[in-house]
Amino acid sequence: MPNKKAKRPALFKSFKRAIFNKLLKNKHLKQSITLEHKTIYVFPSSLGCYFISVAILNFVMGINYQNNLILIMAYLMFVVMIIAVLLGYSNAKGLTVTFKNSLSSFAPQNPQVQFAVQSPSICQSVMLIYQGDQQTQINHDEITNAAQTLSLPLPYNKRGCYSLQRIKIASNYPFGLITVWSYIQLQSSVYIYPSLEKVFSDAQINSLAEQAENGIAKQLGSEEFETLIPHLPEMGLQRISWKHFAKTQQLLVKEFVDFKAADALFDFDLMHGDTEQRLNQLCFLVCEATENNTPFMLKLPSKIIATNLGVQHKTLCLESLSTFNGYTK
């Protein structure tokens, strides 16, 4: 029984979403939308509904009491409502909202979604409302022909990967009596990475100390003089150190090496604490290694990311840490 009760809200929400998408005919599933006749919706706001109720009440009272003054007041209120609808529609028409980027964050900071907005004529009092389980919104007083960037914070602060929900574009201009709105549904996700925690386990400290002690990995090359070795028949005479031969009467050859930075291994099992603490420590190590341009490998219980470096490698590792144990929303 508890499982059935838990499933009902989810089933109802899925059914409601399916019906809503069917009615909208997926015309809002896009990265950019321009508000026009087919994508603009107009309805009285809460204040507008009260305003209409008072106008109807005045009209009924005017008829019952044969009071022309009250009837004129009711007519004027209806006229104001019609003017508000026309002005609100013309204000929003032509507004273009374009998705630019989703900005991932480190827990517990909120990620953001960035939009470029512009309008051929001045568009006033614009709101972007994120319609997930929790709502967030931003308001902008005036949109002009010059493209502007708006950042909408999302209501998430826990580690994971979140699919973006429908975003409402709305305006209550003028008078606040009507709401003119549209939607944009992005086919994208945003990540919240683990927190940055500068704490190492003893095993990890020993591993880092060993890497620091070795410092560098050596390979045969031509950069730095390493040592003298006995001359072998297959070696050319040009490599013989004649200076040492003059002193010791021994045929010795100079050996050169190239040095490269030692690769790092960040292992989940070498961290300490609970799962979240370990992920936080790995997140810090990944960011630090990328900043120092150090190649590294990330080893998780169910996944190994091969040694590499650079921003793309960092992003791949951070996303893997974010979704560890399939933690998605």
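1. Let me start with Ser 171 and its polar partners. In this predicted model, a polar atom of the Ser 171 side chain sits 2.8 Å from the backbone oxygen of Ser 125. The side chain of Ser 171 also reaches the backbone nitrogen of Tyr 173, at 3.3 Å. Both pairs involve the serine side chain on one side and a backbone atom on the other, so they are worth viewing together, given that Ser 171 is buried, with a relative accessible area of 3%.

2. The surroundings of Ser 171 fill in the picture. The residue lies in strand E10, which covers residues 167–171. Setting aside neighbours within four places in sequence, Ser 171 is in contact with Asn 91, Gln 124, Ser 125, Ile 178, Thr 179 and Val 180. Ser 125 thus appears in this list as well as supplying the backbone oxygen at 2.8 Å.

3. Next, the charged pair. How many salt bridges does the count come to? The count comes to 1, and it is formed by the side chains of Arg 159 and Glu 276, with an N to O distance of 2.7 Å. Arg 159 is in the loop between strand E8 (148–153) and strand E9 (160–163), while Glu 276 belongs to helix H6 (residues 275–291), so the pair ties together parts that are 117 residues apart in sequence. On accessibility, Arg 159 counts as buried at 8%, whereas Glu 276 is partly exposed at 35%.

4. A friendly word on the cysteines. Searching the whole structure gives 0 disulfides. Why is Cys 287 not bonded to Cys 283? The sulfur of Cys 283 is the closest cysteine sulfur to that of Cys 287, but the distance is 4.5 Å, which is too far for a bond; a disulfide would need the two sulfur atoms within 2.5 Å. Cys 287 counts as buried, at 14% relative accessibility. Cys 161 is buried too, with a relative accessible area of 14%.

5. Finally, a look at the surface. Which residues form the nonpolar patch there? They are Val 79, Val 80, Ile 83, Leu 87 and Phe 175, and together they have about 400 Å² of accessible area. Val 79 lies in helix H3, residues 68–92, and is partly exposed, with a relative accessible area of 42%. With Val 79 at 42% and Ser 171 at 3%, this note takes in a partly exposed residue as well as a buried one.

Key: Residues are numbered from 1 along each chain as its sequence is written. This is a predicted model: local features need pLDDT of at least 70, side-chain atom pairs count only at pLDDT 80 or more; totals for chains, interfaces and linings use all residues. Side-chain values use heavy atoms; hydrogens and water are left out. Patches are made of residues with over 30% relative accessible area and no salt bridge: like charges are joined within 9 Å, nonpolar side chains (Val, Leu, Ile, Met, Phe, Trp, Tyr) within 5 Å. Accessible areas come from the Shrake-Rupley method with a 1.4 Å probe; for residues, only the protein chains shown count as cover. A salt bridge is a side-chain nitrogen of Lys or Arg within 4 Å of a carboxyl oxygen of Asp or Glu. Helices (H or I, at least four residues) and strands (E, at least two) are DSSP runs, numbered from the N terminus. Buried means under 20% relative accessible area, exposed over 50%, partly exposed in between (1.4 Å probe, protein chains only). A polar contact is a pair of N or O atoms within 3.5 Å; within protein, one must be able to donate a hydrogen and the other to accept it, and residues adjacent in sequence count only if both atoms are side-chain atoms. Contact means heavy atoms within 4.5 Å.
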